[in-house]
Number of protein chains: 2
Amino acid sequence: MAPVKKFRELDENLVRQKEAAFADFIQKKGLKTTRQRNTIISTFFRLRGHISVEELLNQVKQVNPRIGYATVYRTLHLLVESGLVEERRFGDGLARYEGHSDVEHHDHMICLECGEIFEFFNPRLEALQESLAEENNFQIFRHRLELYGACKDKDACQKRKARGNAAAGAE
Amino acid sequence: MAPVKKFRELDENLVRQKEAAFADFIQKKGLKTTRQRNTIISTFFRLRGHISVEELLNQVKQVNPRIGYATVYRTLHLLVESGLVEERRFGDGLARYEGHSDVEHHDHMICLECGEIFEFFNPRLEALQESLAEENNFQIFRHRLELYGACKDKDACQKRKARGNAAAGAE
DNA sequence: TGGATTACGAAAACTGTTTTCATTTTCGGC
DNA sequence: GCCGAAAATGAAAACAGTTTTCGTAATCCA
Ligand SMILES: [Mn+2]
Ligand SMILES: [Mn+2]
Ligand SMILES: [Zn+2]
Ligand SMILES: [Zn+2]
């Protein structure tokens, strides 16, 4: 009867689940639980999207302003090592991080006009990659596929595209 | 009669063609022809593969040891701007450059064991990307697809894979 | 060939990230 | 609850790749 609240609850549960999984990882590695790490991961898991280190640090500082870059970097490495988080690089020079959503693997479309990032997954595409690898006697461990362009829906993107200052394709 | 030589000649012609195209570009931009730029581009076009700045500088220095990083970087930017060269990043932190081959666009398989890079192109894959973009009302300007894994042919890669120190998928 | 314009090269600056190191915190055993 | 070894923190320095600066030199058109 309260679908919005329901989603929020579910999301909150997922976050707690991830926090628990990370705690597990930390313990199994013989590392220590610290206030800073807890702050960082619970902040991170409550953010959505593809988060840069600076973005994360800014949020974290609102909870504990004494936390610095080093600890955020170190914690992100642990999160990646734990398998709960993936690092992405979309060519703007900064690493971005995202917690796994329910979709295990996905690829990205990046709008060069508005910066929005769309996620997609297509089994045929994945299978085709596999079969091409096979042909070349190559075994895929992982892959990255990024489509850079413009989302036609957005007003801003259409406008800029019409003015032609995007088609150049410059970074 | 001399197929190897023939290929070499053809290749040499292609290089000269590119050098001419770059000269054109320089002139149309109102820039100046210099000994350093000539050395750099003719060295670059005679190398094959995905060349890092350091690799290029090392080669260039054998012709003229006084040429420095700055000029190599600047010349590579011009080459990219001219459209004769493309920048690639395969995740090892360095930019790599490749002159267009006859194949206009291609994607890459990167062996994490031996570092070898295989190039491929598949129209079905490209078309599938297009149609997925279409579905999302997205217009692709460019894309990048990289398959990371192991080439099964190579002895070294097979051996290491068997020992299991590769499957972890760590960077 | 003069002279405005562009390029060069060494070194400094920059950016994102990693490391160092002195200090503090954690946590299992007492 | 305290001890002490082990691990974590944070400020600052170091690092790596790349870009910029700035004084000097080369280019090239009138
Ligand atoms: Mn994503
Ligand atoms: Mn290539
Ligand atoms: Zn995929
Ligand atoms: Zn492609």
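**View 1. The protein surface around DNA strand D.** Of the 22 residues around DNA strand D in this predicted model, those that come nearest are Lys32(A), Thr34(A), Arg37(A), Arg74(A) and Tyr73(B), where a residue is near a molecule or strand if one of its heavy atoms lies within 4 Å of it. Sugar and phosphate make up 71% of the atoms of DNA strand D that come within 4 Å of the protein. The model is a prediction in which local features need pLDDT of at least 70 and side-chain atom pairs count only at pLDDT 80 or more, while totals for chains, interfaces and linings use all residues. Residues are numbered from 1 along each chain as its sequence is written, chains are lettered from A and ligands numbered from 1 in the order in which they are written, and side-chain values use heavy atoms, with hydrogens and water left out.

**View 2. Polar contacts and contributing elements at DNA strand D.** A polar contact is a pair of N or O atoms within 3.5 Å; within protein, one must be able to donate a hydrogen and the other to accept it, and residues adjacent in sequence count only if both atoms are side-chain atoms. From chain A, a side-chain N or O atom of Thr71(A) is 2.7 Å from a phosphate oxygen of DNA strand D, and a polar side-chain atom of Gln36(A) lies 2.9 Å from a sugar or linking oxygen of that strand. From chain B, a backbone N or O atom of Thr33(B) is placed 2.9 Å from a phosphate oxygen of DNA strand D. Two or more residues of this surface come from each of α2 (35-46) and α4 of chain A and α4 of chain B, with helices (H or I, at least four residues) and strands (E, at least two) taken as DSSP runs numbered from the N terminus. The most is given by α4(B), with four residues. By class, the surface near DNA strand D has seven nonpolar, seven polar and eight charged residues; Ala, Val, Leu, Ile, Met, Phe, Trp, Tyr, Cys and Pro count as nonpolar, Asp, Glu, Lys and Arg as charged, and the others, Gly among them, as polar.

**View 3. The protein surface around DNA strand C.** DNA strand C is surrounded by 23 residues, of which Tyr73(A), Lys32(B), Arg37(B), Thr71(B) and Arg74(B) are the closest. Sugar and phosphate account for 74% of the atoms of this strand that come within 4 Å of the protein. A side-chain N or O atom of Gln36(B) is 2.7 Å from a sugar or linking oxygen of DNA strand C, whereas phosphate oxygens of the strand lie 3.0 Å from a backbone N or O atom of Thr33(A) and 3.3 Å from a polar backbone atom of Arg66(B). At least two residues of the surface are supplied by each of α4 (69-82) of chain A, α2 (35-46) of chain B and α4 (69-82) of chain B, and α4(A) gives the most, with four residues. The surface near DNA strand C has seven nonpolar, eight polar and eight charged residues.

**View 4. The zinc ion (ligand 4) and its donors in chain B.** The protein donors are His105(B) through NE2, Asp107(B) through two OD entries, Glu126(B) through OE and His143(B) through NE2, lying 2.0 to 2.8 Å from the zinc ion (ligand 4). Donors are N, O and S atoms within 2.8 Å of the metal (3.2 Å for Na, K and Ca), and because water is not among the atoms, sites may look incomplete. The spacing of the donor residues in sequence is H-x1-D-x18-E-x16-H. Asp107(B) belongs to strand β4 (residues 107-111) of chain B and Glu126(B) to helix α5 (residues 123-135) of chain B, so the pair ties together parts that are 19 residues apart in sequence. Asp107(B) counts as buried at 2% relative accessibility, as does Glu126(B) at 17%, where buried means under 20% relative accessible area, exposed over 50%, and partly exposed in between (1.4 Å probe, protein chains only).

**View 5. The relation between chains A and B.** Chain A is superposed on chain B by a rotation of 180° with 0.0 Å of shift along its axis (RMSD 0.1 Å). That is the relation of a two-fold axis; copies are superposed by least squares on the C-alpha atoms of residues with pLDDT of at least 70 in both. Among the residues of chain A, Leu145(A) comes closest to the rotation axis, with its C-alpha at 2.2 Å.

**View 6. The surroundings of Ala133(B).** Ala133(B) is placed in helix α5 of chain B and is buried, with a relative accessible area of 0%. Leaving aside residues up to four places away in sequence, Ala133(B) touches Met109(A), Phe138(B) and Ile140(B), where contact means heavy atoms within 4.5 Å.
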